[in-house]
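User: I'm new to this one. Could you walk me through it and tell me how each label is earned?

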Amino acid sequence: QNVTMQLNAGVRALDLRLMRMDGDWYSLHFMQSKQKFISYLREVRAWVDAHPTEIVVIEATRHGMECTPDSGQYPGVTLGQRRQFWNEIKGVLAGALFDKA
């Protein structure tokens, strides 16, 4: 099932594991997905926009060793690349992120 089908079926929490490969970010969970990570977020965003009373929790973590220090979490990925990715995430989810402030 794709993400939209899962959300339509009642799923409200997504566990997405990240890894940077071939110059882009992918969601991994035992095997590489066929889509870039950001495409999953766009699909979730479209669904949330169509269902404004619903909340979807997204847990996005590094695929692999969670105990690795920050500098080793994404081998070969610069801080600038991580920041650029985070800015892209914030752009897709702008206005839909929970602000605890």
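Analyst: Sure. Keep in mind that this is a predicted model. A good place to start is the largest nonpolar core, which has 20 residues. Those with the most contacts inside it are Trp 25, Phe 37, Leu 41, Val 44, Val 56 and Ile 89. Helix H1 (3–8), strand S1 (13–21), H2 and helix H3 (79–93) each give two or more residues to this core, and the largest share, seven residues, comes from H2.

User: Why does Trp 25 count as buried?

Analyst: Buried means under 20% relative accessible area. Trp 25 comes in at 4%, so it counts as buried.

User: And what makes the pair of Trp 25 and Phe 85 stacked?

Analyst: Two numbers. Rings pair if their centres lie within 6.5 Å, and planes under 30 degrees apart count as stacked. Here the centres are 4.4 Å apart and the planes sit at 10°, so the label fits. The pair also links distant parts of the chain: Trp 25 is in strand S2 (residues 24–28) and Phe 85 in helix H3, 60 residues apart. Phe 85 has a relative accessible area of 7%, so Phe 85 is buried too. Ring pairs bring Phe 37 in as well, making a cluster of Trp 25, Phe 37 and Phe 85.

User: Val 56 is in a loop. Why does Val 56 count as buried?

Analyst: Right, Val 56 is found in the loop between H2 and strand S4 (57–62). Its relative accessibility is 16%, and the cut-off is under 20%, so Val 56 counts as buried. Not counting residues up to four places away in sequence, Val 56 touches Leu 7, Arg 12, Leu 14, Val 44, Trp 47 and Val 48. The C-alpha atoms of Val 56 and Leu 14 are separated by 7.7 Å, though these residues are 42 apart along the chain.

User: How do you know that Glu 43 has no salt bridge?

Analyst: A salt bridge needs a side-chain nitrogen of Lys or Arg within 4 Å of a carboxyl oxygen. For Glu 43, which is buried, the nearest side chain of opposite charge is Arg 42, and that is 11 Å away.

User: So what does Glu 43 touch instead?

Analyst: Glu 43, in helix H2 (residues 37–50), is in contact with Asn 2, Val 3 and Thr 4, leaving aside its neighbours within four places in sequence. A polar atom of the Glu 43 side chain lies 3.4 Å from the backbone nitrogen of Val 3, and the cut-off for a polar contact is within 3.5 Å.

Key
Residues are numbered from 1 along each chain as its sequence is written. This is a predicted model: local features need pLDDT of at least 70, side-chain atom pairs count only at pLDDT 80 or more; totals for chains, interfaces and linings use all residues. Side-chain values use heavy atoms; hydrogens and water are left out. Helices (H or I, at least four residues) and strands (E, at least two) are DSSP runs, numbered from the N terminus. Buried means under 20% relative accessible area, exposed over 50%, partly exposed in between (1.4 Å probe, protein chains only). Lys and Arg count as positive and Asp and Glu as negative; His and the chain ends are not counted. A polar contact is a pair of N or O atoms within 3.5 Å; within protein, one must be able to donate a hydrogen and the other to accept it, and residues adjacent in sequence count only if both atoms are side-chain atoms. Contact means heavy atoms within 4.5 Å. A nonpolar core is a set of buried Ala, Val, Leu, Ile, Met, Phe, Trp, Tyr and Cys residues joined through side-chain atoms within 4.5 Å. Rings of Phe, Tyr and Trp (its six-membered ring) pair if their centres lie within 6.5 Å; planes under 30 degrees apart count as stacked, over 60 as edge-to-face and the rest as tilted.
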